[in-house]
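Got your viewer open and a selection box ready? Here is a short tour, stop by stop, with something to click at each one.

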Amino acid sequence: MNTIRFYLVLTILIMMSCHRDDSDISTDVDIIIEDTEQSFDSHFIGIVRDADGRSLSGVTVKAGDDVVQTSDNGIFIMKNIRTSSTATWIRLSKHGFFDKDVFISKSSGQFSNISVELERKEDFIEFSSDTDRQITVSDKMTLIIPAHNFKNMDGTLYNGTIHLYTSHHALMGQAPVQTLNFSKSIFQDFRSVSLSFETPTGSALQIIEPIQVMSDFESSNVALLDAAKKKWIEIKTSDNRFTLAQNTPMLFGNAVKTTRLKTRLVNGQGMGVSLVDIELEDETGTIYTVQADQNGYVETFVPAGSKLILKLKSQCGQLLKTEVLTTDYTEAINMKDITIDEALLTTIQTDAPACSDQLNYNDLVNIYLSSKNKDFALYQYESNQTFVIPTCEDIQQAIFYKANESAFSISFGGYQNQQLIQLDVTPLCINKLVGYYKIGNVVKYFDSDQFSIYFEKSIPDNLVISDLSNFVVSIPDVKGTGSYKVDAILILDPVTITCFDEECVDIKVVVSALNQLGDPVKIRFHGFISGTEISGEFENLLLQ
């Protein structure tokens with residue numbers, strides 16, 4: 001068995017051993033949008049994890065009216081989303097986890113790369129809805145809740161036990177706040193609070209009459225996230241009391257004038273560096289965080305007239321560089337590019353030919369990079385593309401996907417060392433198959449987007465049928481229609497059965513039809529592996 005076959009099988013085994021978690025959902029909320037602002041088409045790619053670093057799948061991502069879901073790898077990808085020139089909000093929601101609101105300052109014509117951690121709902125306060133309640137959420141906050149004050153999502157009154165969950169980590173990124181005098185500010189020394197009222201079975205509940213909130217935070221301003229207006233709005237308080245009408249995030253802090261900071265992270269050749277987090281600490285000790293986009297661009301709101309310490313960190317936590325900046329009171333500050341030491345960076349060069357023309361912005365192929373401790377996601381929107389990322393982890397595997405779910409390639413070929421990775425990608429252009437395969441008496445049917453058939457790039461006559469996780473049939477020396485032998489079979493679902501080289505001698509494959517370009521259209525196989533009968537038929541709908 002050649003090394004290409006070995007790698008293919010090894011990749012699938014690695015993929016099967018990776019942890020898979022359940023689904024996640026991401027929702028987008030735009031912020032302060034003024035009449036003078038413009039709208040742009042923007043692109044977002046993100047990876048969502050839990051506190052243990054495991055990818056969370058099935059996330060619904062809503063950006064305006066656009067909704068997608070994360071893949072098995074916890075990745076969401078959205079293209080040509082209409083956003084304002086100020087910024088955009090993304091809300092991530094998942095059953096069993098707190099919602100998380102992510103603020104992205106740079107959203108005009110961008111390729112934003114977002115890494116988000118969701119907090120699992122674990123500790124809760126239990127109370128009954130049948131009487132008036134005064135509930136101490138923390139030493140800084142108390143809720144006064146009337147009796148019979150919750151209803152189910154269908155509008156019916158709820159009477160029974162309620163679980164109250166509280167999060168102080170429900171926000172990510174800086175959002176300007178519309179103050180009572182309609183100016184734009186940012187909160188210093190801020191603290192966020194998000195409440196979730198649920199039944200013991202995890203069903204969400206709605207508030208009927210406003211809840212009175214008594215807070216003792218050392219701050220003078222309170223803002224609520226108005227999802228309908230898509231902005232933070234400061235509210236009036238009286239003796240540190242205010243009312244809360246819905247389950248909405250709260251922000252406590254001291255409002256100060258804000259300015260917009262813009263810069264770019266680059267290597268020595270001026271190429272943008274991605275997968276970098278920036279911590280900005282002001283003179284009060286308040287820390288603001290922002291992530292660079294894929295091309296290294298950084299935009300965020302910071303306090304005006306303040307001295308800031310900027311710490312650039314890889315998403316593995318490695319400190320890359322420290323800078324000091326003093327802001328003024330202008331509307332925006334254009335900081336010079338920040339150059340990161342080449343010794344701390346890795347360059348990834350990819351050759352990913354499209355199925356017909358060159359890749360473009362509308363393809364947005366997703367590269368999923370796996371390392372020992374963490375996974376990352378990048379856009380591939382050109383056939384030949386170069387990425388610069390921190391050298392914080394040894395990249396062990398690179399898998400390419402089209403859109404959110406469909407696999408594009410599993411290749412991780414070419415040269416690799418600590419500071420250079422070259423990826424030679426095999427495009428999966430023929431991926432509209434229907435058919436079945438059978439092991440003994442067990443039959444497995446599949447939909448058209450589950451399986452792919454392709455000739456390997458490095459071995460052009462080697463034909464592969466695969467779903468890139470549970471099924472591989474490798475057929476060497478395919479020249480056209482006719483009967484062929486198999487050199488590898490790996491099937492992990494519904495039962496495990498494998499053969500390699502001579503072990504596959506009793507399996508015969510017939511390519512019975514080609515299209516005008518010579519691509520296989522109909523394939524069937526039949527035979528025995530260790531006495532077990534296997535068979536299957538595949539028909540390519542795309543190339544009829």
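Which residue forms a salt bridge with K479? Keep in mind that this is a predicted model, then select K479 and D461: these two form the salt bridge, and their closest N and O atoms are 2.4 Å apart. The pair links distant parts of the chain, 18 residues apart. K479 sits in the loop between β41 (471–475) and β42 (482–485), while D461 sits in the loop between β39 (452–455) and β40 (463–466). Colour by accessibility if you can: K479 counts as exposed because its relative accessibility is 64%, above the 50% cut-off. D461 is partly exposed, with a relative accessible area of 29%.

**Zoom out for a moment**

Show the whole chain as a cartoon. You're looking at one helix and 47 strands. Of the 544 residues, 53% are buried. Now think about who touches whom: among contacts between residues at least 6 apart in sequence, 64% join residues at least 24 apart. Switch on a surface and you'll see what the chain exposes, about 23600 Å², with carbon and sulfur atoms supplying 46% of it.

**More charge pairs**

Side chains of opposite charge can pair when their charged atoms come close. The structure holds 11 salt bridges, so there are others to visit after your first stop.

Select R91 and D101 next. Their side chains meet in a salt bridge at 2.6 Å, N to O. This pair, too, links distant parts of the chain: R91 is in strand β6 (residues 88–93) and D101 is in strand β7 (residues 100–104), 10 residues apart. Are these two residues buried or exposed? R91 is buried, at 17% relative accessible area, and D101 is buried as well, at 2%. R91 makes it into that class because its 17% falls under the 20% cut-off.

Now go to D52 and R54. Here the side chains meet in a salt bridge of 3.2 Å, N to O. D52 is exposed, with a relative accessible area of 61%, whereas R54 is partly exposed at 30%. Add D50 and R120 to the selection: salt bridges that share partners join D50, D52, R54 and R120 into one network.

**A patch of negative charge**

Which residues gather in a patch of negative charge on the surface? Select D139, D189, D216 and E218 and you have them. Centre on E218, which lies in the loop between β18 (211–215) and β19 (221–226). E218 counts as exposed because its relative accessibility, 66%, is over 50%.

**A buried loop residue**

Select N149, in the loop between β11 (141–145) and β12 (150–152). N149 is in a loop, yet it counts as buried, with 2% relative accessibility. To see what surrounds it, show side chains for Q206, I207, I208, E209 and I211: N149 is in contact with these, leaving aside its neighbours within four places in sequence.

**Backbone oddities**

Most residues other than glycine have a negative phi, and most peptide bonds are trans. Three spots along the backbone deserve a click with that in mind.

- D493 and P494: a cis peptide bond joins them, with omega about 10°. P494 lies in the loop between β43 (488–491) and β44 (497–500).
- D239: phi is near 55°, a positive value in a residue other than glycine. D239 is in the loop between β20 (231–234) and β21 (241–244) and counts as exposed at 72% relative accessibility.
- D501: phi is positive here too, about 50°, although D501 is not a glycine. This residue lies in the loop between β44 and β45 (507–514) and is partly exposed, at 28% relative accessibility.

**Last stop**

How many residues apart in sequence are Q396 and K372? Select both and turn on a distance label: they are 24 residues apart in sequence, while their C-alpha atoms are 7.3 Å apart in space. Q396 is in the loop between β33 (384–390) and β34 (397–402). At 48% relative accessibility, Q396 counts as partly exposed, because exposed would require over 50%.

Terms used: Residues numbered from 1 in each chain as written. Predicted model: local features only at pLDDT ≥ 70, side-chain atom pairs only at ≥ 80, totals over all residues. Heavy atoms only, no water. Helix = DSSP H or I, 4+ residues; strand = E, 2+ residues; numbered from the N terminus. Buried < 20%, exposed > 50% of the residue type's maximum accessible area, 1.4 Å probe, protein only. Contact = heavy atoms within 4.5 Å. Areas by Shrake-Rupley, 256 points an atom, 1.4 Å probe, with all protein chains shown as cover. Patch = residues over 30% accessible without salt bridge, like charges linked within 9 Å, V, L, I, M, F, W, Y side chains within 5 Å. Salt bridge = Lys/Arg side-chain N within 4 Å of Asp/Glu carboxyl O. Lys, Arg positive; Asp, Glu negative; His and termini not counted. Charge placed at Lys NZ, Arg CZ, Asp CG, Glu CD.
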